[in-house]
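Got your viewer open and a hand on the mouse? Let's walk through this one together, stop by stop.

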Amino acid sequence: MALALFQRLVNFGMNQLLLRFADSEILGMASIRCELLLSTALFLSREGLRLALSRQDVTSDRRQRQSAINLAWLALPLGLLLSTAVGMGFLWLNEEDSVDRKLTGLLFCAGAAVESLAEPFFIIAQAHLITEVRARAEGIGAIVRGFTAFAGLALWDLGVVSFGLAQILHGCCLVVVYLHFFHRHPELAGATSLLDFAPRRLPPEGDSNDGWQWFDRSTMLLAGSFTAQSLFKHALTEGDKIVLSLTSSLPQQGVYAMAQNYGALVARLLLQPVEEAARLVFGKLNTAIEGDASTASATIGEMQRLFLLLLKLALLLGLVFVCFGVNYTPTLLILLPGKRWATEEASRVLGWYCVYIMTLAINGISEAFVFAVAGGAEIALLTGIHSACSVLFALLAFYLLPSLGSAGVVVASSIVMLVRGSLALVLASRYFHRHTQALPWAQSIPRPLVLASFLLAAGITTLSEQWRRDPSTAEKFLPPFLALGVVESPAARIVVHVAVGATAFVGVLGSVALNERKAIQMIRKEFS
């Protein structure tokens with residue numbers, strides 16, 4: 001976990017350096033269009049194989065192990081084939097694009113082909129539960145990719161081509177790290193040398209006289225089925241990039257990519273750990289309910305209290321981003337990526353992303369609960385809901401993009417998250433009703449004084465942001481002895497604006513600490 005956190009922070013730091021030298025057009029090309037090419041080639045070539053092989057016990061006998069190795073090597077020709085096909089499609093769709101952009105797209109496709117060379121060893125490592133090599137390979141690859149892109153932009157003036165070269169070196173790092181690891185530790189995967197990982201014909205199974213084969217037929221069919229399903233899954237996962245690529249300009253795509261960079265960091269560092277912990281706790285409580293009828297009623301009550309408390313925590317976290325983040329996104333852009341990114345559109349997109357984080361937090365807790373306790377029917381229903389919401393997202397994004405620009409995609413995502421979260425809450429309510437426990441929803445709402453402190457902080461920081469932009473506005477809403485219009489330096493106004501926000505935030509924290517003591521104590525007890 002510490003290594004993953006370090007990698008994310010290093011990636012974030014490298015992205016800040018890149019933003020200093022890359023404009024929105026370069027970032028849009030690299031982070032939206034080219035990343036879509038890369039993910040398409042890689043996802044479709046390996047997802048089906050990964051899922052199929054995850055169901056095989058490669059440690060049971062020699063035939064199963066060799067079957068898994070042979071099938072893992074299929075990722076290499078599939079990756080090469082799909083990388084070539086995606087590259088040709090990219091050139092066909094972008095005939096009139098500049099040479100640099102065409103070259104960058106082809107370099108990303110070549111990077112996908114290079115990365116496919118590491119896929120057999122990745123699958124073998126996963127099958128034997130060797131997780132450290134993946135973390136090491138991806139960590140080194142991400143650092144090399146970041147430094148290469150930075151050097152290409154800042155030192156060699158290669159523009160967007162820097163990202164293509166960086167992607168190829170990232171793939172090379174993955175291959176080298178995997179080969180080096182299994183060269184030194186083949187025994188961890190039940191081998192004696194790297195040669196044991198080569199594809200070989202399979203011996204006949206049992207008393208069968210079918211002769212020697214290269215692949216297990218049932219696993220091949222399963223992999224093909226998963227690959228076909230992955231087409232739809234890929235469209236759902238990359239829906240925002242697909243919509244942006246089809247309907248928006250490169251600068252708009254770059255602004256969205258910048259906002260996503262910040263939002264993803266918050267989601268991974270703050271929201272994801274809470275959701276994963278909540279899913280584990282809810283799963284254990286649900287198991288206790290089903291296993292011991294004598295204590296089921298008390299356990300259901302405990303689960304209910306915890307669920308409502310976590311919803312309250314999600315609301316509090318979301319309110320922080322809505323009430324503070326929206327008014328400090330312009331300042332954040334000035335301080336981190338630089339003034340070139342501190343545009344009205346970028347501020348608007350990042351402001352809406354703060355709203356999106358609130359919906360993401362609520363939905364995360366709701367779905368964590370449902371997935372922890374749901375049976376087969378509820379899981380199928382949720383899968384259908386997610387598919388329908390993906391279609392809804394595409395329709396909303398296409399409708400909102402012309403009027404709101406890149407922010408339209410974020411607004412569409414927020415609406416979809418609200419829909420998903422609401423439906424998950426309905427399923428949670430049904431679960432408690434089945435156990436004769438009605439949900440007192442009021443307990444998930446922060447206390448009135450806490451809400452009032454957030455509202456006051458939002459008002460204060462909004463006025464402070466207006467003053468930072470135009471000091472003359474102070475005369476409209478401040479008494480003369482408090483008017484700060486005389487502060488002419490933009491840097492000084494930023495300092496005052498940040499100080500105002502920090503003071504308001506301390507006040508909100510004090511209000512939460514005083515009014516939500518029981519909630520804080522219970523959360524500490526459950527997750528300590």
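Start by selecting serine 387 and showing whatever touches it: setting aside neighbours within four places in sequence, its contacts are Phe232 and Leu236. Keep in mind as you look that this is a predicted model. Serine 387 sits in helix H14, which covers residues 376–404. Is serine 387 buried or exposed? Its relative accessible area is 19%, and buried means under 20%, so serine 387 counts as buried.

**Zoom out: the whole chain**

Now show everything as a cartoon. How many helices and strands are there in the protein chain? You should find 19 helices and zero strands.

Try turning the chain around to get a feel for its extent. Its C-alpha atoms fill a box of roughly 95 × 70 × 45 Å along the principal axes. Does that fit a globule, or not? A compact globule of 528 residues would have a radius of gyration near 24 Å, and this chain has 26 Å, so the two agree.

Next, switch on the surface. About 25,500 Å² of the protein chain is accessible, and 66% of that belongs to carbon and sulfur atoms. As for what is hidden, 49% of the 528 residues count as buried.

Colour by charge if your viewer lets you. There are 40 positive and 38 negative charges in the protein chain, and the mean positions of the two sets lie 5 Å apart.

One more thing about the overall fold: take the contacts with a separation of 6 or more, and 80% of them join residues 24 or more positions apart.

**Helix H4: two neighbours**

Select helix H4, residues 75–93, and pick out threonine 84 in it. Serine 83 has its place in helix H4 too. Which residues does serine 83 touch, leaving aside neighbours within four places in sequence? The answer is Ala41, Cys109, Ala112 and Ala113. With a relative accessible area of 4%, serine 83 is buried.

Threonine 84 has a relative accessible area of 47%, so it is partly exposed. Draw a distance from its C-alpha to that of alanine 112: they are 28 residues apart in sequence and 9.5 Å apart in space.

**Two loops with an unusual backbone angle**

Most residues other than glycine have a negative phi. The next two stops go the other way.

First, select leucine 129. You'll find leucine 129 in the loop between helix H6 (119–127) and helix H7 (132–154). Leucine 129 is not a glycine, yet its phi is positive, at about 60°. Its relative accessible area is 71%, so leucine 129 is exposed.

Then follow H7 along to the loop between H7 and helix H8 (161–184), where aspartate 157 lies. Aspartate 157 isn't a glycine either, and has a positive phi of about 55°. Aspartate 157 also counts as exposed, at 69% relative accessibility.

**Hunting for disulfides**

Show the cysteine side chains. A disulfide is a covalent bond between the sulfur atoms of two cysteines. How many disulfides does a search of the whole structure find? Zero. Take cysteine 34, which is in no disulfide: the nearest cysteine sulfur belongs to cysteine 109 and is 8.0 Å away. Cysteine 172 is in no disulfide either, and there the nearest cysteine sulfur is that of cysteine 173, 7.1 Å away.

What about their surroundings? Cysteine 34 is buried, with a relative accessible area of 0%. Cysteine 172 is partly exposed, at 32% relative accessibility.

**Last stop: a tryptophan in H16**

Finish by selecting helix H16, residues 448–469, and find tryptophan 467 there. Is tryptophan 467 buried or exposed? At 3% relative accessibility, tryptophan 467 counts as buried. Now draw a distance from its C-alpha to that of leucine 514: these residues are 47 apart along the chain, and their C-alpha atoms are separated by 31 Å.

Terms used
Residues numbered from 1 in each chain as written. Heavy atoms only, no water. Helix = DSSP H or I, 4+ residues; strand = E, 2+ residues; numbered from the N terminus. Buried < 20%, exposed > 50% of the residue type's maximum accessible area, 1.4 Å probe, protein only. Contact = heavy atoms within 4.5 Å. Rg over C-alpha atoms; globule rule 2.2 N^0.38 Å. Areas by Shrake-Rupley, 256 points an atom, 1.4 Å probe, with all protein chains shown as cover. Lys, Arg positive; Asp, Glu negative; His and termini not counted. Charge placed at Lys NZ, Arg CZ, Asp CG, Glu CD. Disulfide = S-S within 2.5 Å.
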